[in-house]
Amino acid sequence: MGTLQLEVVTPDKTVVSAQVEMVVCPGVEGEFGVLPQHVSLLSALKIGALRYRAEGKDEYVFISGGFADVNNNVLSVLAESAEQAADIDAARAQAARERAEKRLAEKQEGLDQVRAEAALQRAMTRLQVVQFLG
Ligand code: ATP
C-alpha cells in the first residue's frame, strides 16, 4: 500500500518527519484520515490529537490547531505548538489545567474568556494524549 511523508512543524522545531502508513488529523469539522496518494487538500485543524501509523505502530501527537496541507504524497502540519506524546510534561499540563480552571471560575474583570478556554482545552488535550500512551 506504500507510505506518505508526514511533517509536523512548529515555529520552533520539526516535531515529526517520517514515512508513515496513515494519519488521522483533528480537523475543525471532524477527524479525517490521510492515506498514501491522497488527493491535494488544505484543512484547518483544531486543538487535538493527531494519530499516525509507522511500521505498524500507532503514535500520538498533540497539536494546538493549525493547518494540514496534502500535496504530492506529503502531509505537512503547521501548528503553533505540537509535542509527541512521550515529550509531554503531564505535571505541567495539569498545572496549566488548574490555572485555567481557576481563571474561568473566578471570572475576574478583564478576563479573556476565549484565551482561558483555549488554554484549558490545550491542557486537557495534552493530558488525554499522555493517557493514550497507556
Ligand atoms: P503552559 O501554560 O504550560 O505554557 P500552554 O498551553 O500555554 O501551556 P503553549 O503556548 O501551547 O503552552 O506552548 C508553549 C511551548 O511550551 C511550546 O513549545 C510547547 O510545545 C511547550 N509546552 C507547553 N506545554 C507543554 C507540556 N505540558 N509538555 C511539554 N511541552 C509543553
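How many salt bridges does a search of the whole structure find? The search turns up 6 salt bridges, and a few of them get their own close-up below. Keep in mind as you look around that this is a predicted model.

**Figure 1. The whole chain, before we zoom in.**
Start with the basic parts list: the chain has 2 helices and 8 strands. If you walk along the sequence, you meet them in the pattern β-β-β-β-β-β-β-β-α-α. The C-alpha trace spans about 55 × 30 × 25 Å along its principal axes. The chain has 134 residues, and 38% of them count as buried. On the outside, the chain exposes about 8000 Å², with carbon and sulfur atoms supplying 48% of that area. Now for who touches whom: take the contacts with a separation of 6 or more, and 51% of them come from residues 24 or more positions apart.

**Figure 2. D58 and its two arginine partners.**
Zoom in on D58, whose side chain meets that of R51 in a salt bridge, at 3.8 Å from N to O. The side chain of D58 also meets the side chain of R53 in a salt bridge, and here the N to O distance is 2.8 Å. So how exposed are these three residues? D58 has 29% relative accessibility, so it counts as partly exposed. R53 is partly exposed as well, at 29%, and R51 counts as partly exposed at 24%.

**Figure 3. E83 and R126, a pair that links a strand to a helix.**
Here E83 forms a salt bridge with R126, and their closest N and O atoms are 2.8 Å apart. Why does this pair tie together parts that are 43 residues apart in sequence? It does so because E83 lies in strand β8 (residues 82-84), while R126 lies in helix α2 (residues 113-132). Are E83 and R126 buried or exposed? Both E83 and R126 are buried. Flip back to Figure 2 for a moment, too: salt bridges that share partners join R51, R53 and D58 into one network.

**Figure 4. Two neighbours in a loop, N72 and N73.**
This view shows the loop between β6 (57-71) and β7 (74-78), where N72 lies. N73 has its place in the loop between β6 and β7 too. Check the backbone angles here: phi of N72 is near 50°, a positive value in a residue other than glycine. N73 isn't a glycine either, yet its phi is positive, at about 65°. What about their surroundings? N72 is exposed, with a relative accessible area of 72%. N73, on the other hand, is buried, with a relative accessible area of 19%; the cut-off for buried is under 20%.

**Figure 5. Inside the largest pocket.**
Our last stop is the largest pocket, which holds about 520 Å³ of space. Which residues lie nearest its centre? They are R92, A96, R99, R122 and R126, out of 18 residues that line the largest pocket. The elements giving two or more residues to this lining are α1 (90-106) and α2. Sort the lining by class and you get 8 nonpolar, no polar and 10 charged residues. You've met one of these residues before: R126 is the salt-bridge partner of E83, and R126 also sits among the residues nearest the pocket's centre.

Definitions and conventions. Residues numbered from 1 in each chain as written. Predicted model: local features only at pLDDT ≥ 70, side-chain atom pairs only at ≥ 80, totals over all residues. Heavy atoms only, no water. Salt bridge = Lys/Arg side-chain N within 4 Å of Asp/Glu carboxyl O. Buried < 20%, exposed > 50% of the residue type's maximum accessible area, 1.4 Å probe, protein only. Helix = DSSP H or I, 4+ residues; strand = E, 2+ residues; numbered from the N terminus. 1 Å grid on protein atoms, 1.4 Å probe; cavity = no way out; pocket = protein on both sides within 12 Å on 5 of 7 lines; lining within 4 Å. Points joined across faces, edges and corners; volume = space filled by probe spheres on them. Nonpolar A, V, L, I, M, F, W, Y, C, P; charged D, E, K, R; others polar. Contact = heavy atoms within 4.5 Å. Areas by Shrake-Rupley, 256 points an atom, 1.4 Å probe, with all protein chains shown as cover.
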